[in-house]
Amino acid sequence: MTQLFINDQEVDVTPGTSILEACRQNDVDVPYFCYHPELSVAANCRMCLVEVEGWGKPAASCCTPVSEGMKVKTQSETLAKDREMMMEYLLIHHPLDCPVCDQGGSCKLQDYTVEHGASKGRYSEPKRAVINYELGPFVNTCMTRCIHCTRCVRFADEVAGTGDIGVLNRSDHMTIAGIVEGALSSELSGNLPDICPVGALLDKPSHDVSRPWEMTSHSSTCIQCPNGCDISIESRGDQVMRIVPVDGSPEPWICDRGRYVYDAFRSDNRILSPMVRQDGALQSVDWSDAFDRTIDLLKDKKVGILFSSQWSVEGHVAISLMRDALFPDAKVAFDLHRRDMRPFAFEEGLAMTTSQIEAADQVVILGSDLRQRLPLLMQRLRKRGRAGKPVSRIGAMNYRTNMEIGRDALIRPRDWHGVIARAMEQVSELGKTAAGFDAWLGAVSDRHEAGKILADALISDSCALLVGEEIRSHEDAASLIHGVDLLMRACGHAEAGNDGRNLIPEGVNAQVLSAVFADARVSAGDIFAAASAGELDALILIGSDPVGDGLFPSAAKAALQKVPLVQIGSISGEMADYADVQLPAAAYSEIEGTFVNMEGRVRVATNPIKSLGQERPLWKVMMRLIQVMGAEVPVVSLDELRSAVCQHLSALSDAWCVSNQDSALIAPNRNRDAAALPKARTDSFELDVVSRYSMYREGMWARASALLTEAGELNALDDVLVHPDTLAAKGLSAGELVVKSFLGEQCFNIGVREDVTPGVLFIAKRGVAGDLSDVTAASIDGGAV
Amino acid sequence: MSADTVRFSEERLAEIAELVKRYPGPQSALMPVLYMAQEDFGYISMDAQKMIAEVLGLRLMQVREVVTFYTMFKEQPTGKYLLEVCTNAGCMLNGAYELADHMCGTLGIRMGETTPDGLFTIAEVECAGACGGAPVVQVNNIYHEKATPASMDALITQVRADGGVE
């Protein structure tokens, strides 16, 4: 530790810390603009000057490391004068338009001018004006206000990895400019307005809408991806105005999906009152009429229950209580993305925290579009890449990552068995083996060279495997995961403390769901098949949209046309076409609730905003449903419900004591006995189908958001993509072509892209080519149907 | 010039490959490569910048930042004779602005423009590093120190009389 004195007070800090960081750690206030704890040091604003005893001139504290016995002063008459001059200089070209600037009220320049500036500047010459530039749908620019701190430039370079913002020209012609006209090519672009210390980069959607001091904020958890970031929901009255990251949370950033989904909270797509289908159209009714209709549809009937993982833990347990009370035999499904329901050797959830993944010796991404799925984890991997640590990847598509992937292999989903088998052989040669290798290897005849990448990574001391959707949604997922599990055991990456088996879940709360619904869980496809076969009388959908999302859209459509639908949720979406009754449940901005993210981190949302309409928290809707259906209501308060939660998950019992929120992580399930062996394929289609997850389109919330929809259009690809060789081998060219699968023959607009593995049919736009998501294999024939 | 036509010759590429070896990383070779591009193509268009970024494995923004920082790199085509008038402190005090205005008048163009015959471009630059001879006008790569309206007029007249022959 280095000992130094800040304002005559003795402090100890780690050697190499900068003076500014030492001050921040010890709550000593030093003003700064260009410094940002998550970015590299630029030292160009000169606002953080401090005096060091014995030095002839003031030092920029952000770039001066501490030394033993250093005597630092952060307040003195000279410094006050220096800061006043710096402020005068920074304000030379800055317009005096605070009353019309969105940043006003949360602006560092404004605050420091009051604190350190003179009341008047001496500059009376003409001010310069700078041309604004286009930074996509989320960032507004007013470059005349820019003070050239270059935080945005460093953010684009270091965090977003796009490097598309830079400093052009010099001296008083200097401007910050973007290179990509039309759209900033980052999924993290919404953070730019946050890091801009002045009003140069502003949030476009909330431009000229509200003032910082008019809004109240409450902390919650983002449910838009399994990362479950801490968010602060800022609202005015009962309207959500913005979503911003929370200071001091594990990630300082949030992604555009989690941020700009906020306009869905007040979209026309919300279900704000109970609705009942009358004369072919949904009509708003009161709760008792809606329940009357619900009783008609559900009383003494056989139902299938399908829900989304996005509800709070309390909501999920309430669904389970409802099932136990009303439909004890009903099967439930919550995952629209799993074809293989056999238990996995390691179930959904991460064994490591994201910071442990960042620090691991080796990281291998197995079949996942991480930039779209988990932008914040991708950002961690980028950070890792900058530190010179390797990231390898095996998958069906050369997904864009904005970083350099060390070793990269393109494979078809049917090659996974061969990849794992090849890796098993290679580690066996080094004497690393596990019981079960032989049986697994014996069932696979193919070998694929990409297995070398996996085996080479496994030999390191710590290896984080990020097992993604291409394996999780595979028809033979259980055997693949068993194979990977064996490999990890053989190489010593499966013990507690060194567990690198991370299966990326589809949504939040995955660990909780597999514990609560372990027995009753079936594949969504089974429920739709049962409904279509006449085995079910009705479907209950709680917040999910199986037509717009997931892997069973055509099965879902067939089922929904056959049986009546009771929809319970916050967003109506396309399910409005099918619903006979809609019961409104509160959105995640409107509830007190608990959420568990993919790392097992528990977060409790408190002090929600009040309901926009007649919607009630999901658990209350469930209890009321139990009551009107004539069964005994199991819980009547949130506390009682939480006791019920603890019966399923004792680990959560600490979560609701304020002092203990950061305690234990909830570990994902492990099934040691899940020894599924590889199955041989039976179909004869030559192409494997892989569908793309788009952060701008996936999920009911995203589709209800006009902002995300607009961004999704900018980022859209062709409907269906294949490698040029795939078409060339058949003598076909891109365009309208017939795709044959077990669904029959359908015509799609097929584009070509070198990034797709030859032999893979890549569905880039699930909405358009939605029906193809049902299939895992297909073939292309020429010409129109 | 389109992206396809802005290409370094094979010899140039070999020269660049040799040059890159001298530095710790390819980014360090950017300045000499930009000079080569200006020599080969006359100016450094956006397409040329993209091509250079590709050749050196840099981001386009890294190239653009350097090109726009230095006044010696031209993003637009210039006339055959580039008249660069230094207007930094020393030259300014010795009448650089009056000189520049006079030259613009003689040429019939505004600052930064090129004459219709494509012979002259006049530009304002920062310190040329010859303050002892202020005001300085750099004509292509040759310094004309203690320039006066008369000496510049003479130069322009002579070039015009020669029909631009060097």
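Reader: Is A:Asp8 buried or exposed?

Author: A:Asp8 is exposed, with a relative accessible area of 63%; buried means under 20%, exposed over 50% and partly exposed in between, using a 1.4 Å probe and protein chains only. Bear in mind that this is a predicted model, where local features need pLDDT of at least 70, side-chain atom pairs count only at pLDDT 80 or more, and totals for chains, interfaces and linings use all residues. Residues are numbered from 1 along each chain as written, chains are lettered from A and ligands numbered from 1 in written order, and side-chain values use heavy atoms, leaving out hydrogens and water.

Reader: What about backbone oddities?

Author: Most residues other than glycine have a negative phi, and most peptide bonds are trans. Here, A:Asp8 has a positive phi of about 70°, in the loop between strands E1 (2–6) and E2 (9–13) of chain A; strands (E, at least two residues) and helices (H or I, at least four) are DSSP runs numbered from the N terminus. A:Arg46 also has a positive phi, about 60°, and is partly exposed at 35% relative accessible area.

Reader: Which peptide bond is cis?

Author: The one from B:Ala134 to B:Pro135, with omega near -5°. B:Pro135 lies in the loop between strands E2 (120–125) and E3 (137–139) of chain B.

Reader: Where does A:Arg46 lie?

Author: Look in the loop between helix H1 (19–25) and strand E3 (49–52) of chain A.
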